Amino acid sequence: MPADAKLRPVGKLRAKATATTVQLTWRDRSRGETRYVVKRTGRKAKLKRNRRRFTDRRVKPGRKYRYSVRACRHKRCAKVRRVTVRTASPGGDAAPAPGGSGGTPGSSPTIGSCAIFPADNPWNTDVSKAPVDTAHDYIGSLGSMTLWPDFGGDGAYGIPYVSVPFSQPLVPVSFDQADESDPGPYPIPPDAPVEGGGDRHVLTLRQGDCKLFELYAAEREGSGWHAYSGAVWDLKSNQLRPEGWTSADAAGLPILPGLARRDEADAGAIHHALRITVPVTQKAYIHPATHWASSNTDTDEPPMGLRVRLKAGYDISGLRGQAYAIAQALKTYGALVADNAGSPRVYVGGVVDKGWKDEDLNGIKSIPASALEAVQTGPVVRP
């Protein structure tokens, strides 16, 4: 035992939370300890000496946890230090998101303290009065398909995101498509949620400067991440990607601004456009999209960035709850074609959330694609 061995309380005990983890860090001020003991209600962990961090992966979203940490030697322990933290909401915020809402007509929706693009951004624009595109048969190309919520299933489906503080450490990110990706480092936590399935999107919203970092086909790599492509979006700006550039989405669009969120739907109104995918697109795009992902030159196939809306006369009175809010958003703000779906459905994008009610969402599946109409929002760009 060192002559100066002394048990001391840990210093600078801090906690950071995501939806599914809590990470504790502290300064080791003891000498001669044999272990560290971390406790919370229902959990006790014993760590080796000289430890300075602990990650609890047995937590649930939207819960408050109080942890105690202290150094011990045999039967003696230093004075305990405590910290309280709340895990993220089921939607994916890494911290409580005060002021989060679907916005109001003429304003921007918010997540945490961040407005999701300016109020005049295309995602936030009311297109209920926009002229119908009669020069193409975009909707006819969808045949007898129906709309389909690509989220729900008790949290099994959808795209997750994480909201991080401005102080989130930056980590390296490498890309397969580096010439069309914004270079790292990105503030992505090591335990950031990754979309299930083949697309493996990772979406990170940084509070403070309100920048959105999105990855496609993401995998952990060393201390950072590797992805096929990635994009950084300044949510205070309407700046588009360079012409011809992809993003984390095939259309060169951001993903998070077009996802339906459960808190919005439960509030009864979604005040932004939604993201949809269709089976086949043409080799073309309409702003705010900047990229195509097809060799098809049929001008009646939807181009990336095509804006569609649910016809004003289509009766949605039979829908309930969350489905009604989504359908009304499709009437007012419409949806942007963002990717090729690869199956005969028109998928509507949404956030992973166990709070989605499948009995409500099933109503979306009754809406035929023929109830949509394409609206004019800009010229078609063909490479």
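**Exercise 1.** Decide whether alanine 325 is buried or exposed in this predicted model.

*Solution.* Start with the relative accessible area, which is 1% for alanine 325. Next, recall the cut-off: buried means under 20%. Alanine 325 therefore counts as buried.

**Exercise 2.** Find where alanine 325 sits and what it is in contact with, leaving aside neighbours within four places in sequence.

*Solution.* First, look along the chain: helix H2, residues 321–332, holds alanine 325. Then list the contacts of alanine 325, which are Ala265, Gly268, Ala269 and Ile270. Finally, try a residue from elsewhere: valine 194 is 131 residues away from alanine 325 in sequence, and their C-alpha atoms are 27 Å apart in space.

**Exercise 3.** Describe the largest pocket: its volume, its lining and the classes of its lining residues.

*Solution.* Begin with the volume, about 800 Å³. Now turn to the lining, made up of 39 residues, with Gly158, Ile159, Pro160, Glu195 and Val352 nearest the centre. At least two lining residues come from each of strands E19 (274–278), E21 (335–340) and E22 (346–348). Sorted by class, the lining has 16 nonpolar, 14 polar and nine charged residues.

**Exercise 4.** Do the same for the second largest pocket, starting from its space and its lining.

*Solution.* The space here is about 360 Å³. Around the second largest pocket are 21 lining residues, and Lys16, Gln23, Gln168, Pro189 and Pro190 lie nearest its centre. Strands E1 (11–17), E2 (22–27) and E5 (53–56) are the elements giving two or more residues to this lining. To finish, its classes are eleven nonpolar, five polar and five charged.

How values were computed
Residues numbered from 1 in each chain as written. Predicted model: local features only at pLDDT ≥ 70, side-chain atom pairs only at ≥ 80, totals over all residues. Heavy atoms only, no water. 1 Å grid on protein atoms, 1.4 Å probe; cavity = no way out; pocket = protein on both sides within 12 Å on 5 of 7 lines; lining within 4 Å. Points joined across faces, edges and corners; volume = space filled by probe spheres on them. Helix = DSSP H or I, 4+ residues; strand = E, 2+ residues; numbered from the N terminus. Nonpolar A, V, L, I, M, F, W, Y, C, P; charged D, E, K, R; others polar. Buried < 20%, exposed > 50% of the residue type's maximum accessible area, 1.4 Å probe, protein only. Contact = heavy atoms within 4.5 Å.
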